[in-house]
Amino acid sequence: MNMHQHLEFLLREGPVTVFCCDPYTWAPNYISDNIENLLGFPAKRFFAEPRLWLDRVHPEDRDLVNAAIAGILTETKITIENRICRADGKYIYVHSEMHLLRDADGNPTEVMGFFLDLTQNIQQKRDLQRQKQQLEDVNESLEQFVYIASHDLREPLVGVAGYASLVERRYGDRLDDAGRGN
């Protein structure tokens, strides 16, 4: 396998979807074939419909994505996380990084970037957060139980101590060492 074949393999099979596009129109120049694994659309569909990925961004995340796109001409690197709708209608979370490439005169020539699916990581984070909350709830319940139990046990002990004190005052002179607890 030559270097070109290695790169093609990585771009086809890797977890990162790579893209290159025009910095002004966002029309794609290149999209790795694994975009289909990520979003469910073949790469050629993005060439036919350059705004397809932008139109699939979750409505609540559009301002964030549009701000990033607008900022790419003044920034050298932009990183965002947003939701995007797959062809099957399910939303996934993606991490995107975009880098602006310039020619020798400093003019923008291309945006290179990648998408990485974060959906599983975010779901695991949510699961851990939910488990943490459940553990905190159980801990709080246990603390309440211990408080109540210690209070409930303390009252009879106070009564027994009071009764023992009364017995000692009234009958202390008749008790042997064992009776006095010595």
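Let me start with the sheet: in this predicted model, five strands form an open sheet in the order β2-β1-β5-β4-β3, and the pairing is antiparallel. The edges are taken by β2, residues 28-31, and by β3, each of which has a single partner strand, so that one side of each is left without a neighbour in the sheet. If we ignore direction, neighbouring strands of this sheet are turned against each other by 25° on average. Within the sheet, β1 and β5 are joined in the antiparallel sense over 6 bridges, and for orientation you can look for threonine 17, which stands opposite phenylalanine 115 in β5.

Let me turn to the nonpolar core. The largest one has 27 residues, and the members that touch the most other members are Trp26, Trp53 and Met98. At least two residues of this core come from each of several elements, among them the helices α2 (35-39), α3 (43-48), α4 (52-55) and α5 (62-71), and the strands β1 (16-21), β3 (77-85), β4 (91-102) and β5 (108-117). The largest share, 4 residues, is supplied by β4.

Methionine 98 deserves a moment on the screen. Leaving aside residues up to four places away in sequence, methionine 98 touches Phe19, Trp26, Ala68, Ile72, Thr76, Lys77, Ile78, Ile80, Val111, Met112 and Gly113.

Now to the charged side chains, where the count comes to 8 salt bridges; I will go through some of them. Which residues are joined with Arg83 into one network through salt bridges that share partners? They are Glu60 and Asp61. In the pair of arginine 83 with glutamate 60, the N to O distance is 3.2 Å, and this pair links distant parts of the chain, since arginine 83 sits in strand β3 while glutamate 60 sits in the loop between α4 and α5, 23 residues apart. In the pair of arginine 83 with aspartate 61, the closest N and O atoms are 3.0 Å apart; aspartate 61 also lies in the loop between α4 and α5, so this pair ties that loop to strand β3 across 22 residues of sequence.

Are these partners buried or exposed? Both aspartate 61 and arginine 83 are buried, the latter with a relative accessible area of 17%, whereas glutamate 60, at 64% relative accessibility, counts as exposed.

A further salt bridge is formed by lysine 77 and glutamate 97, with the closest N and O atoms 3.6 Å apart. Lysine 77 lies in strand β3 and glutamate 97 in strand β4, so the pair ties together parts that are 20 residues apart in sequence. Here lysine 77 is partly exposed, at a relative accessible area of 43%, while glutamate 97 is buried, at 15%.

Glutamate 97 leads us to the last residue I want to show, histidine 95, whose side chain makes a polar contact of 3.2 Å with the side chain of glutamate 97. Histidine 95 lies in strand β4 and is buried, with a relative accessible area of 14%. Its contacts, not counting residues up to four places away in sequence, are with Thr79, Ile80, Glu81, Phe114, Phe115, Leu116 and Leu118. For one of these, threonine 79, the C-alpha to C-alpha distance to histidine 95 is 7.3 Å, with their positions 16 residues apart in sequence taken as the separation.

Technical notes. Residues numbered from 1 in each chain as written. Predicted model: local features only at pLDDT ≥ 70, side-chain atom pairs only at ≥ 80, totals over all residues. Heavy atoms only, no water. Core = buried A, V, L, I, M, F, W, Y, C linked by side-chain atoms within 4.5 Å. Buried < 20%, exposed > 50% of the residue type's maximum accessible area, 1.4 Å probe, protein only. Contact = heavy atoms within 4.5 Å. Pairing = 2+ DSSP bridges. Axes fitted to C-alpha atoms, helices over the stretch in contact; angles between N-to-C directions. Salt bridge = Lys/Arg side-chain N within 4 Å of Asp/Glu carboxyl O. Polar contact = N/O pair within 3.5 Å; in protein donor to acceptor, adjacent residues only side chain to side chain.
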